[in-house]
Every structure is written in structure tokens, then in C-alpha cells.
Amino acid sequence: MGGRTPKQFLPLAGVPVIARTIGVFDAVAEVSEIVVVVPRASLRRTRALVARGGFARVAAIVPGGKERQHSVLAGLRACAHRGGVVLVHDAVRPLVSREVIREVIRAAARYGAAVPALAVTDTIKTQAGARKGFLARTLPRGELWAVQTPQGFRFSVLEDAHVKAAVAGALGTDDASLVERLGVHVRIVAGSGTNIKITTPRDRRLAESLIGARKRR
């Protein structure tokens, strides 16, 4: 994103990205507690932000780890409720809808693991097996999905996946990949084209445009 301010703290239509994200979950009745995991250097800023926002469901704010999954494990250990379903969400996806959150909760409770995803529409190719600068083959588009968050799991399933990954020294690209290592199939829930991840200035402009469109409805 550029600049000194971490992207989750950048203003989005006047409100910090992370505050918008927390606010969505704080307004979902099915969510009993929220654990916010941030870099240690951002703890004070996050505590102040949460206090200003008056987010009733935030139960803990804890420092993360070196890798994303280390941060998720820190969040799991800070949860007061260790049964039922746990959701893992990117702080920089502030436009997730309550409907998607509820659908993931329902599917995770029923199947053990669920993620929101969109069917891939572009042709995806891989360079694996080819020399640098060349493509080797085309992947079957009908089998590919672009996965979003929140990713939902029965608490025991996700905790087991993280503990076993830590013992094995395995790093996953997301939480679902760690659960897949246990042989668990992950249920697909319909994602949303507006549930974008803000990682570039262009994403930020698009998100502000979407927020503006919502306000005009």
C-alpha cells in the first residue's frame, strides 16, 4: 500500500479499515466474542480504536506472531469460548456482509469447516515444470475457486489443525489448507464480489466507491 501506516489502520470513507471490519462482526447476533490479533507495535492503537468504537463483543486484543497462522493460533488461545464455531477473518476485508458471515457459521456448524468462495472465471495457467518465463499447462477452471474470509470451523477442528501444523513445522496459505491436511473436506459457501481484500490503493478506492453506493441506496 505504501506509506508508514499499516493498511488496516488507513481511513476508509473516514473510518479506519479495521474499525469497519470489527463493526460488521460486532453487529451479528450469532457472534459471541471477537478476538482482535494485531502486530505488537499496534496494540495500543488498536485498544484506543476499539474503545472509541464501543464494540461490545471485543473480548481480547492480542499480539500476533511471525506468520499469519501463528497469529491465528494466538487468537485461538485467547478465546474464552472454546466450543462451537470459530471464524477467522482478514482485517482488510471490511465489506463482508452479515449474510455471508451467517452462512459460513451455519455451514461450519454442520460440516465442520466452511469458506466463502467465488468460482474462477479467468483461465488459470501454471509455470510448474516449465523454464522461467514460460507456462507449462492450463488448470481445469471448473475445479478452481477464489477463496475469501471469514473461514469458519468447529473450534476443535481448527485448533487440532493448528497444533499439528506447528508440530510438523508446516505453513499453510490459509486456515482451510491446514484443516485439509487432516483430511477434512471444506464446504463451499457463496462468496461476494464486494468482499474485497484491500491491499493496494486501487482496492481502497474501489471500497470507498462501494461504501458510497451503499449509502445512496
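Two strands pair if DSSP finds at least two bridges between them. By that rule, strand β6 and strand β9 (residues 145–147) are a pair, with three bridges joining them in an antiparallel run. The model shown here is a predicted one, and the legends below walk through it view by view.

**View 1. The whole protein, with its seven helices and eleven strands.**
Start with the overall picture before zooming in. The C-alpha atoms fill a box of roughly 50 × 40 × 35 Å along the principal axes. The radius of gyration is 18 Å, which agrees with the value near 17 Å that a compact globule of 217 residues would have. Of those 217 residues, 40% count as buried. If you look just at contacts with a separation of 6 or more, 69% of them come from residues 24 or more positions apart.

**View 2. The outside of the protein, with its surface and charges.**
About 12,300 Å² of the protein is exposed, and carbon and sulfur atoms supply 51% of that area. As for charge, there are 35 positive side chains and 16 negative ones. The centres of these two sets lie 6 Å apart.

**View 3. Strand β6 (residues 113–119) and the strands it pairs with.**
Why is β6 described as largely enclosed by the rest of the structure? Five of its seven residues are buried, so the rest of the structure largely encloses it. Now look at its partners. With β9, the pairing is antiparallel and has three bridges; here Ala117 stands opposite Val147. With strand β10 (residues 151–154), β6 again pairs in the antiparallel sense, this time over two bridges. Ala113 is the β6 residue to find there, standing opposite Phe153. Strand β11 (residues 187–190) pairs with β6 in the parallel sense, over four bridges. In that pairing, Pro116 has Val189 as its bridge partner.

**View 4. Val100, a buried residue in helix α4.**
Helix α4 covers residues 98–111, and Val100 lies in it. Is Val100 buried or exposed? Its relative accessibility is 8%, and buried means under 20%, so Val100 counts as buried. Which residues does it touch once its neighbours within four places in sequence are left aside? The answer is Pro116, Pro150, Ala190 and Ser192. Pro116 is a familiar name from the view before, as the bridge partner of Val189 in β11. Phe55 makes a handy landmark too: it is 45 residues from Val100 in sequence, and the two C-alpha atoms are 20 Å apart.

**View 5. Pro150 and the cis peptide bond that leads into it.**
Pro150, one of the contacts of Val100, sits in the loop between β9 and β10. The peptide bond from Thr149 to Pro150 is cis, with omega near 15 degrees. That is worth a second look, because most peptide bonds are trans.

**View 6. Helix α3 (residues 68–77) and what its buried residues pack against.**
The buried residues of α3 are Gln69, Ser71, Val72, Leu73, Gly75 and Leu76. They pack against three strands and two helices, namely β3 (34–38), β4 (58–63), β5 (85–88), α5 (155–168) and α6 (175–180). The next two views pick out a residue from α5 and a residue from β3.

**View 7. His162, a residue of helix α5.**
His162 has a relative accessibility of 2%, so it counts as buried. Not counting residues up to four places away in sequence, His162 touches Gln69, Val72, Leu73, Leu76, Asp175 and Leu178. Gln69, Val72, Leu73 and Leu76 are among the buried residues of α3.

**View 8. Val36, a residue of strand β3.**
With a relative accessible area of 6%, Val36 is buried. Which residues does Val36 touch, not counting those up to four places away in sequence? They are Ile18, Ile22, Thr46, Val58, Ala60, Ile61 and Val62. His89 is 53 residues from Val36 along the chain, and their C-alpha atoms are separated by 9.8 Å.

**View 9. Ala13, a loop residue with a positive phi.**
Ala13 is found in the loop between β1 (11–12) and β2 (15–16). Its phi is near 55 degrees. Most residues other than glycine have a negative phi. Ala13 is partly exposed, with a relative accessible area of 32%.

Terms used. Residues are numbered from 1 along each chain as its sequence is written. This is a predicted model: local features need pLDDT of at least 70, side-chain atom pairs count only at pLDDT 80 or more; totals for chains, interfaces and linings use all residues. Side-chain values use heavy atoms; hydrogens and water are left out. Buried means under 20% relative accessible area, exposed over 50%, partly exposed in between (1.4 Å probe, protein chains only). Contact means heavy atoms within 4.5 Å. The radius of gyration is taken over C-alpha atoms; the globule rule is 2.2 Å times the number of residues to the power 0.38. Accessible areas come from the Shrake-Rupley method with a 1.4 Å probe; for residues, only the protein chains shown count as cover. Lys and Arg count as positive and Asp and Glu as negative; His and the chain ends are not counted. The place of a charge is taken as NZ of Lys, CZ of Arg, CG of Asp or CD of Glu.
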